[in-house]
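Please open the model in your viewer and keep the selection tool at hand. The tour below moves from one selection to the next and says what is found at each stop.

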Amino acid sequence: PRFAPAVGSPLHAALCAPSVADGGACTFPPSVTLTLPLACQGAQECDAQYVTAVQVVDPVADVTRYYLYKPAPCVRLALFDQGRSLHWDVNNRQCADPATTRGGPACCELGNLDGAPQRDDVYPSYACRFMAEEMTYAEAERRCTAAGLGVCSDNTWYPSWNRTCHEAQYVWTSPTCRLQVQVYPSVSGRVAIVDALAAANSRDLGVNSYNVFRPRWRDDVWPQPRADGAACG
């Protein structure tokens with residue numbers, strides 16, 4: 001199913017904007033800005049962590065409309081202390097911040113965590129609440145635990161609709177990971193992110209990628225290579 005607020009919920013009312021003159025039919029404003037938090041209703045609304053599209057049903061006129069959610073602009077740091085592995089298949093992986101909503105759930109049997117995820121129609125308590133749902137690692141772990149399962153430790157399988165929330169979706173797995181930073185002293189101290197998991201399929205995240213950006217170094221002093229070839233001093 002799509003993400004669709006329940007009729008009667010505060011979110012549905014805000015997007016529907018019913019007209020008293022038309023017997024409660026939705027007016028569907030072209031743009032809606034939510035200035036205050038709204039109380040959620042039902043598991044789909046209350047468990048949702050990241051939404052891109054919202055389906056709004058008008059029960060009076062029997063009309064359905066869709067809204068695109070645009071979050072408030074914010075700044076996200078490029079680096080984090082400890083990541084978790086996001087997997088698509090054995091050849092497509094990346095290290096991600098577990099606090100971000102960037103992966104789907106993949107729950108395996110506790111005695112076979114490196115196997116294929118269980119089907120969500122067999123274990124409905126961790127089933128995705130809506131199509132293409134993404135969540136934090138902690139939420140994925142919570143849903144797996146509630147189903148008596150565990151977060152898969154590997155992904156050598158192709159994500160499908162009945163094993164996660166979307167076809168070919170990146171899913172959270174349990175191994176931890178860390179990003180590295182490569183400093184380019186000859187390019188004014190610019191740096192590039194190195195992700196050992198993603199480097200196999202993305203040269204932009206490998207060593208010597210020159211996919212650089214400018215950090216702010218204290219006193220404009222950055223690490224320099226040692227003449228003897230040892231670690232930077």
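The stops that follow cover salt bridges, aromatic pairs, a charge over a ring and some backbone angles.

**Charged pairs around helix α3**

Bear in mind throughout that this is a predicted model. How many salt bridges does the structure hold? The count is 5, and a convenient place to begin is Arg142, which forms one of them with Asp47, the closest N and O atoms being 3.9 Å apart. Since Arg142 belongs to helix α3 (residues 137-146) and Asp47 to helix α2 (residues 42-47), this pair ties together parts that are 95 residues apart in sequence. Showing the surface at this point should help in placing Arg142, which is partly exposed, with a relative accessible area of 40%.

Keep Arg142 selected and add Glu139, because the side chains of these two residues also meet in a salt bridge, with 2.7 Å from N to O. Both residues lie in helix α3, 3 residues apart, which is about one turn of the helix. Glu139 itself is buried, with a relative accessible area of 9%. If you now widen the selection to Asp47, Arg129, Glu133, Glu139, Arg142 and Arg143, you have a set that salt bridges with shared partners join into one network.

Within that network, select Arg143 and Glu133, whose salt bridge has its closest N and O atoms 2.7 Å apart. Arg143 lies in helix α3, whereas Glu133 lies in the loop between β7 (107-108) and α3, so the pair ties together parts that are 10 residues apart in sequence. Are these two residues buried or exposed? Both Arg143 and Glu133 are buried.

**Aromatic pairs**

Turning from charges to rings, the model has 4 aromatic pairs. One of them is formed by Trp88 and Tyr170, and this pair is tilted, with 6.3 Å from centre to centre and 50° between the planes. Trp88 sits in strand β5 (residues 83-89) and Tyr170 in the loop between β8 (150-151) and β9 (171-177), so the contact ties together parts that are 82 residues apart in sequence. Each partner is partly exposed: Trp88 has a relative accessible area of 25%, and Tyr170 has one of 26%.

Next select Tyr184 and Tyr210, whose ring centres are 4.4 Å apart and whose planes stand at 55°, so that this pair is tilted. It links distant parts of the chain, with Tyr184 in strand β10 (residues 180-184) and Tyr210 in the segment after β11 (190-194), 26 residues apart. On which side of the burial cut-offs does Tyr184 fall, buried or exposed? At 4% relative accessibility, Tyr184 counts as buried, while Tyr210 is exposed, with a relative accessible area of 51%.

**A charge over a ring**

For a contact between a charge and an aromatic ring, select Arg102 together with Tyr50 and centre the view on the ring. The charged end of Arg102 sits over the ring of Tyr50, 5.3 Å from its centre.

**Backbone angles after β11**

Finally, return to Tyr210 and switch from the side chain to the backbone, where phi is positive at about 60° although the residue is not a glycine. Asn208, which is also found in the segment after β11, has a positive phi near 60° and is likewise a residue other than glycine. Asn208 is exposed as well, with a relative accessible area of 51%.

Technical notes:
Residues numbered from 1 in each chain as written. Predicted model: local features only at pLDDT ≥ 70, side-chain atom pairs only at ≥ 80, totals over all residues. Heavy atoms only, no water. Salt bridge = Lys/Arg side-chain N within 4 Å of Asp/Glu carboxyl O. Helix = DSSP H or I, 4+ residues; strand = E, 2+ residues; numbered from the N terminus. Buried < 20%, exposed > 50% of the residue type's maximum accessible area, 1.4 Å probe, protein only. Phe/Tyr/Trp six-rings, centres within 6.5 Å; stacked < 30°, edge-to-face > 60°. Lys NZ or Arg CZ within 6 Å of the ring centre and 35° of its normal.
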